[in-house]
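Student: I have a model open and want to learn how to read its features. Where do we begin?

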Amino acid sequence: MADERETLTYELFGTASRELAQQVVDDGYEPDLILSIARGGLFLAGSLGYALDVKNLFVMNVEFYTGVDERLDLPVVLPPTLDRVDLTGANVLVADDVADTGKTLELVRDFCSGYVSEVRTAVIYEKPQSVVQCDYVWRRTDRWINFPWSTLPPVVRRSDRPA
């Protein structure tokens with residue numbers, strides 16, 4: 001089973017985020033802001049923000065995965081929702097940890113369309129079945145990925161708590 005999984009360590013994540021930032025720089029793209037897809041994209045967005053000297057970081061909360069290889073039919077934007085006026089006319093770099101089906105990235109990219117000057121995507125991993133071909137990819141894989149921030153179970157489970 002271990003050979004069927006890609007394992008990302010925190011140290012390797014540091015390498016991945018710097019190499020992705022270098023791809024953005026080498027491409028000549030200068031984002032005005034980085035739009036993170038929470039939760040997995042938060043780590044990459046923060047790292048890219050420091051590496052690219054971009055202080056404007058925004059977050060979209062999107063739920064799609066409910067477990068290991070278990071997902072909703074379609075991704076759903078969770079509140080609080082981002083105000084498009086904050087993005088209008090900007091060069092936006094959307095950051096996420098993985099483009100698996102690509103549907104989450106597609107949802108966020110489409111949310112930006114018509115409001116931003118340009119939107120590009122950056123991910124640590126892209127899978128072959130992704131409906132979005134990302135602009136900046138550190139690695140491509142068809143394996144399940146163990147991320148250092150989500151491999152261990154939560155310290156406390158909150159899913160049974162009332163909203």
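Tutor: Begin with a loop. D53 lies between α2 and β3 (57-67). Bear in mind that this is a predicted model.

Student: What is the phi of D53?

Tutor: Phi there is near 55°, a positive value in a residue other than glycine. D53 is also exposed, with a relative accessible area of 63%.

Student: Where else does phi turn positive, just after α3?

Tutor: At G114, where phi is about 85°.

Student: Which residues does a cis peptide bond join?

Tutor: Check omega. The bond between A38 and R39 is cis, with omega about 15°. R39 sits in the loop between β2 and α2 (40-51).

Student: Now the strands. How many residues of β5 are buried?

Tutor: Nine of nine, across residues 91-99. Buried here means under 20% relative accessible area.

Student: In which sense does β5 pair with β2, and over how many bridges?

Tutor: β2 (residues 33-38) and β5 run parallel, joined by four bridges. For one register point, take I34: its bridge partner in β5 is L93.

Student: And how many bridges link β5 to β6?

Tutor: Eight, again in the parallel sense, with β6 spanning residues 118-126. Here D96 has V123 of β6 as its bridge partner.

Student: What hand does the unit of β5, α3 and β6 have?

Tutor: To judge the hand, follow the path from strand over helix to strand. β5, α3 and β6 form a right-handed β-α-β unit.

Student: Which residues of α3 are buried?

Tutor: In this helix, residues 103-112, they are T104, L105, V108, F111 and C112. Their arc around the axis is only 125°, so they lie on the same side of α3.

Student: Why look for cores at all?

Tutor: In soluble globular proteins, nonpolar side chains tend to be buried together. In this model the largest nonpolar core has 24 residues, and L8, L48, L93, I124 and Y125 touch the most other members.

Student: Which elements each supply at least two residues of this core?

Tutor: α1 (10-27), α2, β5, β6 and β7 (136-140) each do. α1 gives the most, with five residues.

Student: What does L8 contact beyond its neighbours within four places in sequence?

Tutor: Its contacts are F13, I124, Y125, W138, N146, F147, P148 and W149.

Student: Which residues does the second core include?

Tutor: I37, V62, V108 and F111 are among its 21 residues, and this core is separate. V108 and F111 are familiar: both were among the buried residues of α3.

Terms used
Residues are numbered from 1 along each chain as its sequence is written. This is a predicted model: local features need pLDDT of at least 70, side-chain atom pairs count only at pLDDT 80 or more; totals for chains, interfaces and linings use all residues. Side-chain values use heavy atoms; hydrogens and water are left out. Buried means under 20% relative accessible area, exposed over 50%, partly exposed in between (1.4 Å probe, protein chains only). The arc is that of the directions from the helix axis to the C-beta atoms. Two strands pair if DSSP finds at least two bridges between them. A crossover is right-handed if, with the strands pointing away from the viewer, the path from the first strand over the helix to the second runs clockwise. A nonpolar core is a set of buried Ala, Val, Leu, Ile, Met, Phe, Trp, Tyr and Cys residues joined through side-chain atoms within 4.5 Å. Contact means heavy atoms within 4.5 Å.
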